[in-house]
Amino acid sequence: MVSYKEILASNALINDSTAPRIAVFVGGTSGIGKFTIKALVATGTTVKIYLVGRKNSKERTQAFIEELHALNPKASVIWTEAEVALLADVRRVCDIIKSNESRVDLLFLTAGYAPFGTRKETAEGHEVVQALEYYSRMLFILRLLPLLGESGLARVVSVLGGGLETTWLIDLDDWDLKRPGNFKVYRARLQYLAMNTITLDKLARENPNVTFIHSWPGSVNTGNVRRGWDANSIIGGTFSRVFEFLTWLAGFSGDESGQRHLFEITSAAFGGRGVPWIGKAGITTTEQLAGGLFLVNYKCDYTLNAKVVAWLREKGQEKLWEHTQELLGPYF
Ligand SMILES: NC(=O)c1ccc[n+]([C@@H]2O[C@H](COP(=O)([O-])OP(=O)(O)OC[C@H]3O[C@@H](n4cnc5c(N)ncnc54)[C@H](OP(=O)(O)O)[C@@H]3O)[C@@H](O)[C@H]2O)c1
C-alpha cells in the first residue's frame, strides 16, 4: 500500500513540468472526478481543464468553477456542455476540444454508476450505464488519441474497477447484455469493468506514448450508490443508506480519494514519467517499458490480475474490438 503520507509527499512535489497542462475531465461535476480536479488545481500549477458535464449540472457547477479560479488564478476551468451518454454528443465535444487544442495531457473518465434498477436505454439504443462506463469512455479516448499522442506526459484514467476482472459471469457472446434475463446489476458491473480492461489493454499496446490507468477507487462516499435505482424504490433507499453508513465507517474521504487520484495522474510510479518515485514501480498488464495499462487499486498498488487478464485477452479482445468498432464506427 502506498500510505497517505507518501501520497501527500509526492503530490507536494508536483510542478509545472510534472502536472498536466491541458486536462479533460468527463464526470468531474461530482464525486471522484470533482475531488481530483480540486486536488489538481490546488497544486497551484498552470492548468487548463475542460470540465465536461450535462446541462442539468451547469448551474451548480458554476460555483465550483469560481471556487477553483479563486484557489488557483493560474487554473482555467472551461465548462464544456455535453450529454456524454450520447455518442453523437461525445463526438461533437471532442471536435470542439480538437479545434481549440494541439495536445491533451490528461483524460480523466468517471461518469457512471451501478445500474440497480431496470434496464434503461439512451436515445441511441444503448444501456445508459454501459454507454457512460464503456462506449462513451472509449470514444473519448479514440477521438482524443491524436492530441494525447502530442503530449509527452499523456495519461488516460478510467475510474471503475481495475483489478476486479473475473472470468465468471462475463458474457463474451452478448457484450451488451441484451439477451432475455442477462441484464443484472452484478453482471453489468463485472461486464463493463472487464470491457474497460480488455480494450484499454489493446489501446495501451498500440499507443506506447500514452499511459493508461484503470483505477478501482474502493469505497468513496459520493452518493454514487443512490443513482442507479428506479425512482422511489424502497429497497434502493434502504440499501443506499446502509451502504453509505458502511462507506462512512470504512471508506475513503473525498479529499483522500482526490489526492490518491492526483498521485495516479502525476507519479512516475506509473510509467516512469512525472513526479520521481523511489518506491516500487508499477508494472503494466502488457509488460511494456513505455506507456502500457496499469490496473491500480484504492491503495494505489498495481495489480496484474494476470491469469484473468490473459484469459480475457485471448478469448475476448478481438471479438470485443470488432464489436466496439462496429458500434462506435458512425462516431469516428
Ligand atoms: N464511489 C465509489 O465508491 C465507487 C466505487 C467503485 C466504482 N465507482 C465507479 O467510479 C466511477 C466514479 O464514481 P463517483 O463516485 O465519482 O461517481 P459520482 O460522484 O456519482 O459521479 C458520477 C458522474 O457521472 C455523471 N453521470 C451520472 N449519470 C449520468 C448520465 N445519465 N449522463 C451523463 N452523466 C452522468 C455525473 O454527472 P452529474 O454530476 O451531472 O450527475 C457525475 O459527473 C463510477 O463509474 C462509479 O460507478 C465508484
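Here are some short exercises, each with a worked solution, on the predicted model shown above.

**Exercise 1. Find the largest nonpolar core and work out which elements build it.**

Step 1: Start with the count. The largest nonpolar core holds 62 residues. Val24, Val84, Leu107, Phe140, Ile141, Leu144 and Phe212 have the most contacts inside it.

Step 2: Now look at who contributes. At least two residues each come from β1 (22–26), β2 (47–53), α4 (87–100), β4 (106–109), α5 (128–148), α6 (185–206), β7 (292–296) and α9 (306–328). The top giver is α5, with 14 residues.

Step 3: There's another core apart from this one, made of 37 residues. Ile7, Leu40, Ile65 and Phe270 are among them.

Step 4: Zoom in on leucine 107. Setting aside residues up to four places away in sequence, leucine 107 touches Val24, Val26, Phe140, Ile141, Leu144, Leu148, Arg155, Val156 and Val157.

**Exercise 2. Check the length of helix α6 against its expected span, then decide whether α6 is largely enclosed or not.**

Step 1: Take 1.5 Å a residue. For the 22 residues of α6, that gives an expected span of 32 Å.

Step 2: Compare with the model. The end C-alpha atoms of α6 are 32 Å apart, so the two values agree.

Step 3: Count the buried residues, using the cut-off of under 20% relative accessible area. In α6, 17 of the 22 residues pass, so the rest of the structure largely encloses this helix.

**Exercise 3. Describe the cavities: how many are there of 30 Å³ or more, and what lines them?**

Step 1: Here's the idea behind the search. Rolling a probe the size of a water molecule over the atoms shows where empty space is left.

Step 2: The count is 2 cavities of 30 Å³ or more.

Step 3: The largest cavity has about 70 Å³ of space. Its lining is made up of Thr18, Ala19, Pro20, Asp105, Leu106, Leu153, Arg155, Ile265, Thr266, Arg273 and Gly274. Sort that lining by class and you get 5 nonpolar, 3 polar and 3 charged residues.

Step 4: The second largest cavity has about 40 Å³. Around it sit Ser215, Trp216, Pro217, Phe252, Ser257, Arg260, His261, Glu264, Asn297, Tyr298 and Cys300. Helix α8 (residues 254–266) gives the most to this lining, with 4 residues. By class, the lining of the second largest cavity splits into 5 nonpolar, 4 polar and 2 charged.

**Exercise 4. Now do the pockets: what volume does the largest pocket have, and which residues are closest to its centre?**

Step 1: The largest pocket has about 1300 Å³ of space.

Step 2: It is lined by 48 residues, and Gly112, Tyr113, Ala114, Arg189 and Asn224 are the closest to its centre.

Step 3: Two or more lining residues come from each of α2 (31–41), β2, α5, α6 and α7. By class, the lining of the largest pocket has 23 nonpolar, 17 polar and 8 charged residues.

Step 4: Move on to the second largest pocket, at about 160 Å³. Of its 13 lining residues, Val2, Lys280, Cys300, Asp301 and Tyr302 are the closest to the centre. This lining divides into 9 nonpolar, 2 polar and 2 charged.

**Exercise 5. Place tryptophan 248 and threonine 43, and say for each whether it is buried, partly exposed or exposed.**

Step 1: Tryptophan 248 is in helix α7 (residues 234–250). Its relative accessible area is 63%, so it counts as exposed. From proline 180 it is 68 residues away in sequence and 37 Å away in space, C-alpha to C-alpha.

Step 2: Threonine 43 is in the loop between α2 and β2. With a relative accessible area of 23%, threonine 43 is partly exposed. Beyond its neighbours within four places in sequence, threonine 43 contacts Ile14 and Leu262.

**Exercise 6. Look at phi for leucine 177 and asparagine 305: what is unusual there?**

Step 1: Recall the background. Most residues other than glycine have a negative phi.

Step 2: Leucine 177 isn't a glycine, yet its phi is positive, about 50°. You'll find leucine 177 in the loop between β5 (155–159) and α6, and at 1% relative accessibility it counts as buried.

Step 3: Asparagine 305 also has a positive phi, near 40°. Asparagine 305 sits in the loop between β8 (302–303) and α9. Its relative accessible area is 19%, so asparagine 305 is buried.

Key: Residues numbered from 1 in each chain as written. Predicted model: local features only at pLDDT ≥ 70, side-chain atom pairs only at ≥ 80, totals over all residues. Heavy atoms only, no water. Core = buried A, V, L, I, M, F, W, Y, C linked by side-chain atoms within 4.5 Å. Buried < 20%, exposed > 50% of the residue type's maximum accessible area, 1.4 Å probe, protein only. Contact = heavy atoms within 4.5 Å. 1 Å grid on protein atoms, 1.4 Å probe; cavity = no way out; pocket = protein on both sides within 12 Å on 5 of 7 lines; lining within 4 Å. Points joined across faces, edges and corners; volume = space filled by probe spheres on them. Nonpolar A, V, L, I, M, F, W, Y, C, P; charged D, E, K, R; others polar. Expected span 1.5 Å × (residues − 1).
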